[in-house]
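Biologist: I am new to this structure and would like a close look at one part of it. Could you pick a helix with its surroundings and walk me through what can be seen there?

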Amino acid sequence: MATRRTGGLVQRHAVSSGPSSSEGASGWGPPGAEGGADRDVPDKDSAGYEDDGGDSKAVRLTLMEEVLLLGLKDREGYTSFWNDCISSGLRGCMLIELALRGRIDLEKQSMRRRGLLSRKVVCKNPTPTGDVLLDEALKHIKETSPNDTVQSWVELLSGETWNPLNLRYQIRNVRERIAKNLAEKGILTTEKQNFVLFDMTTHPLTDTTAKQKLVKRVQEAVLSRWVNETNRMDRRTLALIILAHSADVLENAFASLQDDEYDLAMKRVRELLDAEPDIEAQKSGACEMIWAVAAAFLK
């Protein structure tokens, strides 16, 4: 199965699969387009950990790791070569993860209310998180003056700029570094594969239970545990659904559903995506950064 976008939503359709040499030998996309253990644990929501259902031994993943895990082909160990959204989606993960950990936020509203996309990202707490990728992004945000918007930071961290002076903000080899983190956590392994024209480092899935739990969590969020109000949803799960859609990997979480369940799940995802970010961000308990990132990708 593969995905295509129709009206901002991914839908099922079948295409032939297989590696393509045009994406570079890394298996993660164009060279240069793209870690660390979580030590900062102030509380469950800000620590970036999944709901383990009371199992203290459950593997704890960041939003970046969860989105990449959803996008990886289990046996092949690489993401779809046709997916050109995952790079920017992972940068959105960084911003939301840092916000949930209390490191960054949007600047306060002034007397004249501004939309989420007009407000700048500010460093709230410069303390390192212990995750190499997050700390690299945090360092850029902390040291940059004047401050910039969410949309600009997604582009800068992705290296999507015509100004060569801004290339210093690009965080490189993101997918490979996240995959190595997952390998260190025992979820993936590392292999070398030969595709005739080039060799490629791949990361096949080894811990199927971890991915099954992740997929189940996403499915339940829009099926058995669905709530009509976004501010009543678990913030990390809400962020994961929005980010997985932005990275064009959400379809993978619904591939195992029966047709009626699939249709219901996609209907409810559509409700989330059709919500007005500026309105949702004002609700009690809402995380403004989640909706600012959503606005940047869904605009």
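**Around helix α5**

Modeller: Let me begin just beyond the helix, with N173: this residue is partly exposed, with a relative accessible area of 42%. Please keep in mind that we are looking at a predicted model. N173 sits in the loop between α5 and α6, and its phi is positive, about 55°, although N173 is not a glycine.

Now step back to the helix itself. Helix α5 covers residues 150-158, and its buried residues are V150, W153, V154, L156, L157 and S158. What do the buried residues of α5 pack against? Their partners are the helices α3, α4 (132-143) and α12 (288-298), together with the strands β3 (104-106) and β4 (121-123).

Both sides of the helix have a backbone feature to look for. In the loop between α4 and α5 you will find P146, and the peptide bond leading from S145 to P146 is cis, with omega near 0°. After α5 comes G159, with a positive phi near 80°.

Next, follow W153, because this residue is buried, with a relative accessible area of 1%. Its ring forms an edge-to-face aromatic pair with Y169. The centres are 5.6 Å apart and the planes stand at 90° to each other. The count for the model is 1 aromatic pair. Since W153 belongs to α5 and Y169 to the loop between α5 and α6 (174-184), the pair ties together parts that are 16 residues apart in sequence. Is Y169 buried or exposed? Its relative accessibility is 8%, so Y169 counts as buried.

One of the partners, α12, deserves a look of its own. Of its 11 residues, 8 are buried, so α12 is largely enclosed by the rest of the structure. The buried ones are M289, I290, W291, A292, V293, A294, A295 and A296.

This brings us to the nonpolar core. In soluble globular proteins, nonpolar side chains tend to be buried together. Here the largest nonpolar core has 79 residues, and those touching the most other members are L95, I96, I104, V150, I241, F254 and M289. You have already met V150 as a buried residue of α5 and M289 as a buried residue of α12. Helix α3 (residues 86-100) gives this core its largest share, 9 residues. There is also a second, separate core of 5 residues, with Y78, F81, F195 and F198 among them.

For comparison, here are two places elsewhere in the model. D248 lies in the loop between α8 (235-246) and α9 (250-254). Like N173, D248 is not a glycine, yet its phi is positive, about 60°. D248 is buried, with a relative accessible area of 13%, whereas N173 is partly exposed.

The other place is a helix crossing. The axes of α2 (residues 63-71) and α7 (residues 208-222) come within 10 Å and cross at roughly 100°, which means that α2 is roughly perpendicular to α7. E66, L69 and L70 of α2 meet K211, L214, V215 and R217 of α7 in this contact. By type, the contact residues comprise 4 nonpolar and 3 charged, with no polar ones.

Notes. Residues are numbered from 1 along each chain as its sequence is written. This is a predicted model: local features need pLDDT of at least 70, side-chain atom pairs count only at pLDDT 80 or more; totals for chains, interfaces and linings use all residues. Side-chain values use heavy atoms; hydrogens and water are left out. Axes are lines fitted to C-alpha atoms, for helices over the stretch in contact, and angles run from 0 to 180 degrees between N-to-C directions. Helices (H or I, at least four residues) and strands (E, at least two) are DSSP runs, numbered from the N terminus. Angles under 35 degrees count as roughly parallel, over 145 as roughly antiparallel, 65 to 115 as roughly perpendicular and the rest as oblique. Contact means heavy atoms within 4.5 Å. Ala, Val, Leu, Ile, Met, Phe, Trp, Tyr, Cys and Pro count as nonpolar, Asp, Glu, Lys and Arg as charged, and the others, Gly among them, as polar. Rings of Phe, Tyr and Trp (its six-membered ring) pair if their centres lie within 6.5 Å; planes under 30 degrees apart count as stacked, over 60 as edge-to-face and the rest as tilted. Buried means under 20% relative accessible area, exposed over 50%, partly exposed in between (1.4 Å probe, protein chains only). A nonpolar core is a set of buried Ala, Val, Leu, Ile, Met, Phe, Trp, Tyr and Cys residues joined through side-chain atoms within 4.5 Å.
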